[in-house]
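Trainee: Could you take me through one part of this model in detail? I'd like the strands and the side chains around them, with the cut-offs spelled out.

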Amino acid sequence: MQKKRILCTSAALLAAISLIMPNQGYAKAKKPVLSKTKMTAYIGKTKTLKVKKNGTKKIVKTKWTLSGKKVAKLSKKKKTSVTIKGLKKGSATVKAKVWYQKKGAKKKKKVTLKCKVSVTKYVSPEAKKKANVLNDDEVSAAC
């Protein structure tokens with residue numbers, strides 16, 4: 001009888017504690033993210049890459065870097081965006097070191113975000129259509 005009472009009391013106590021204490025560690029941590037993780041840029045054309053807050057309080061600072069400086073160029077570097085211009089065919093990686101604050105926190109945190117950029121030659125839709133028509137004619141001529 002004594003053991004049953006202790007067991008029931010401890011079970012009730014654990015249930016009460018679980019109701020009072022919030023679930024900690026189960027929610028995914030909110031961090032800033034890039035608008036894209038992979039992108040295609042064209043030679044001579046520009047594209048914009050942005051940092052999204054994703055539930056954080058604010059973006060404090062961003063440092064943009066690029067691997068493959070012969071392939072692409074970064075310009076208009078801002079706290080939440082950068083412009084990428086394709087220079088020649090190839091691939092490069094854009095990295096953003098982002099310092100941010102979580103909601104309700106005073107300390108800054110840092111995260112490194114990456115985007116893989118592949119640079120190719122721009123082919124207009126008309127040129128693609130023309131190339132497909134030529135390929136169809138070559139196939140019918142071969143038959």
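Mentor: Here is a walk through the strands, sheet by sheet, and the side chains that go with them.

Quick housekeeping: this is a predicted model, so local features need pLDDT of at least 70 and side-chain atom pairs count only at pLDDT 80 or more, while totals for chains, interfaces and linings use all residues. Residues are numbered from 1 along each chain as its sequence is written, and side-chain values use heavy atoms, with hydrogens and water left out.

Let's start with the open sheet of four strands in the order S1-S3-S6-S5, with antiparallel pairing. Strands here are DSSP runs of E with at least two residues, helices are runs of H or I with at least four, and both are numbered from the N terminus. Two strands pair if DSSP finds at least two bridges between them. S1 (33-34) and S5 are the edge strands; each has a single partner strand, so one side of each has no neighbour in the sheet.

Zoom in on S5, residues 72-75. Ala 72 and Leu 74 point to one face and are buried, whereas Lys 73 and Ser 75 point to the other and are not. Buried means under 20% relative accessible area, exposed over 50%, and partly exposed in between (1.4 Å probe, protein chains only). That fits the general pattern: in a regular strand, side chains alternate between the two faces of the sheet.

S5 pairs with S6 (residues 81-86) in the antiparallel sense over four bridges. Lys 73 stands opposite Lys 85, and Ser 75 has Thr 83 as its bridge partner. The two strands form a hairpin with five residues between them, and Lys 76 in the turn has a positive phi of about 50 degrees.

Next is Lys 47, which sits in S3 (residues 46-52). Its relative accessibility is 29%, so Lys 47 counts as partly exposed. Its C-alpha is 5.2 Å from that of Ile 84, although 37 residues separate the two along the chain. Leaving out residues up to four places away in sequence, Lys 47 touches Lys 36, Met 39, Thr 40, Val 82, Thr 83 and Ile 84, contact meaning heavy atoms within 4.5 Å. The side chain of Lys 47 also reaches the backbone oxygen of Thr 40 at 3.2 Å.

Thr 40 takes us to the other sheet, since it stands opposite Ser 118 in S8. This one is open too, with four strands in the order S2-S8-S7-S4 and mixed pairing. S2 (38-42) and S4 (58-67) are at its edges with a single partner strand each, so one side of each is left without a neighbour in the sheet. S2 and S8 (residues 108-120) pair in the parallel sense over five bridges.

Now the rings. Tyr 42 and Tyr 122 form an edge-to-face aromatic pair, 5.2 Å centre to centre with 80 degrees between the planes. The rule: rings of Phe, Tyr and Trp (its six-membered ring) pair if their centres lie within 6.5 Å; planes under 30 degrees apart are stacked, over 60 edge-to-face, and the rest tilted. Tyr 42 lies in S2 and Tyr 122 in the loop between S8 and helix H2 (125-142), so the pair ties together parts 80 residues apart in sequence. Tyr 42 is partly exposed at 29%, and Tyr 122 is partly exposed at 42%.

Finally, the charged end of Lys 45 sits over the ring of Tyr 122, 5.3 Å from its centre. That label needs NZ of Lys or CZ of Arg within 6 Å of the ring centre and within 35 degrees of the ring normal.

Note on methods
Polar contact = N/O pair within 3.5 Å; in protein donor to acceptor, adjacent residues only side chain to side chain.
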